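User: I would like to learn how to read a protein model feature by feature, with the general idea given before the particular case. Could you take me through one?

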Amino acid sequence: WVALEGVARSGLGEGTRLTQLDWVEEQFLSKFGMRIYPGTFNLEMSGAEWQKTLVQLKRSEGIEITPPEGFCRAKCFPVLLEDTIRGAVIFPDIAEYPAEKFEVIAGVSVTESLNVKEGARIKVRLQLDDTE
C-alpha cells in the first residue's frame with residue numbers, strides 16, 4: 001500500500017450520474033464486492049510522492065472497468081480513506097482527465113461518514129498491483 005494525502009474538493013456532479021448506471025453498479029459489485037453510494041468523493045493530489053505514484057499508476061494494470069459502447073474505459077485501484085472507508089479510485093481513460101484529480105467510489109457517503117469539509121486533508125492508502 002502507498003500512503004498519500006489529498007485535499008477534499010467539490011466535484012462537478014458527474015460522479016452521481018456515473019455511479020447510478022446499471023453497468024457501473026454491476027462491475028463494482030462483481031470486481032470489488034461493493035454496492036456503491038451514488039456519487040464520488042474527490043481529492044486534489046499534489047507533491048513529489050503523488051507524482052511518483054502517478055507514474056506507477058499509469059504503468060499498473062489496475063482493475064479494468066469495461067463499459068458498453070459509447071462510454072470510456074477506466075481503471076481502478078483499491079483505496080482506504082482515513083484507515084476506515086474502503087473504496088476504489090477511478091481513472092477514466094480520457095486524455096484531458098486532470099492528473100491531480102483523485103476520484104473515489106465507495107459504499108457510503110465519504111463526506112458524511114468522515115464529516116469532511118471542503119479543503120480538509122484526507123489520508124489515503126492506495127493499493128497498486130505490485131504492493132500488498
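Analyst: What follows is a walk through strands, a helix, cores and a few single residues of this model, which is predicted.

User: Let me begin with strands: which side chains of β7 are buried, and which point to the other face?

Analyst: The general idea is that in a regular strand the side chains alternate between the two faces of the sheet. In this structure, β7 spans residues 121–126, with I122, V124 and L126 pointing to one face and buried, while R121, K123 and R125 point to the other face and are not buried.

User: Which residue stands opposite V124 in the pairing with β1, and how many bridges join β1 to β7?

Analyst: Strand β1, residues 2–9, runs antiparallel to β7 and is joined to it by six bridges, with L4 standing opposite V124. Strand β4, residues 74–81, is also paired with β7 in the antiparallel sense, here over three bridges, and the bridge partner of L81 is again V124.

User: Turning to helices, which residues of α2 are buried, and which are exposed on the other side?

Analyst: One way to read a helix is to ask how its buried positions are placed around the axis. In α2, residues 22–32, the buried residues are W23, V24, Q27 and F28; because they cover an arc of only 130 degrees around the axis, they lie on the same side of the helix. D22, E26 and S30 are exposed on the other side of α2. The buried residues of α2 pack against α1, β3, β4, β5 and β6, and the helix is followed by G33, whose phi is positive, near 65 degrees.

User: Which residues have the most contacts inside the largest nonpolar core?

Analyst: A core is read by asking which residues join it and which elements supply them. The largest nonpolar core here has 25 residues, and those with the most contacts inside it are F41, L43, L81, F102 and L126. The elements that give two or more residues to this core are β1, β2, α3, β4, β5, β6 and β7. Apart from it lies another core, of 11 residues, among them W23, V24, M34 and I90. As for L81, if residues up to four places away in sequence are not counted, it touches F41, L43, V104, V110, I122, K123 and V124.

User: How should I read a polar residue such as T19: is it buried or exposed?

Analyst: For such a residue, accessibility and surroundings are best read together. T19 is placed in helix α1, and it counts as buried because its relative accessibility is 1%. Its side chain reaches the backbone nitrogen of G39 at 2.7 Å, and its contacts, leaving aside neighbours within four places in sequence, are V24, E25, I36, Y37, P38, G39, T40 and I105. A second case is N42, found in strand β2, which is buried with a relative accessible area of 7%. Leaving aside neighbours within four places in sequence, N42 is in contact with V7, A8, R9, S10, G11, K101, F102 and E103.

User: Finally, how many disulfides does the structure hold, and where does that leave C72?

Analyst: The structure holds zero disulfides. C72 is in no disulfide, and the nearest cysteine sulfur, that of C76, is 11 Å away, whereas a disulfide needs two cysteine sulfur atoms within 2.5 Å. C72 counts as partly exposed at 34% relative accessibility, while C76 is buried with a relative accessible area of 0%.

Terms used
Residues are numbered from 1 along each chain as its sequence is written. This is a predicted model: local features need pLDDT of at least 70, side-chain atom pairs count only at pLDDT 80 or more; totals for chains, interfaces and linings use all residues. Side-chain values use heavy atoms; hydrogens and water are left out. Buried means under 20% relative accessible area, exposed over 50%, partly exposed in between (1.4 Å probe, protein chains only). Helices (H or I, at least four residues) and strands (E, at least two) are DSSP runs, numbered from the N terminus. Two strands pair if DSSP finds at least two bridges between them. The arc is that of the directions from the helix axis to the C-beta atoms. Contact means heavy atoms within 4.5 Å. A polar contact is a pair of N or O atoms within 3.5 Å; within protein, one must be able to donate a hydrogen and the other to accept it, and residues adjacent in sequence count only if both atoms are side-chain atoms. A nonpolar core is a set of buried Ala, Val, Leu, Ile, Met, Phe, Trp, Tyr and Cys residues joined through side-chain atoms within 4.5 Å.
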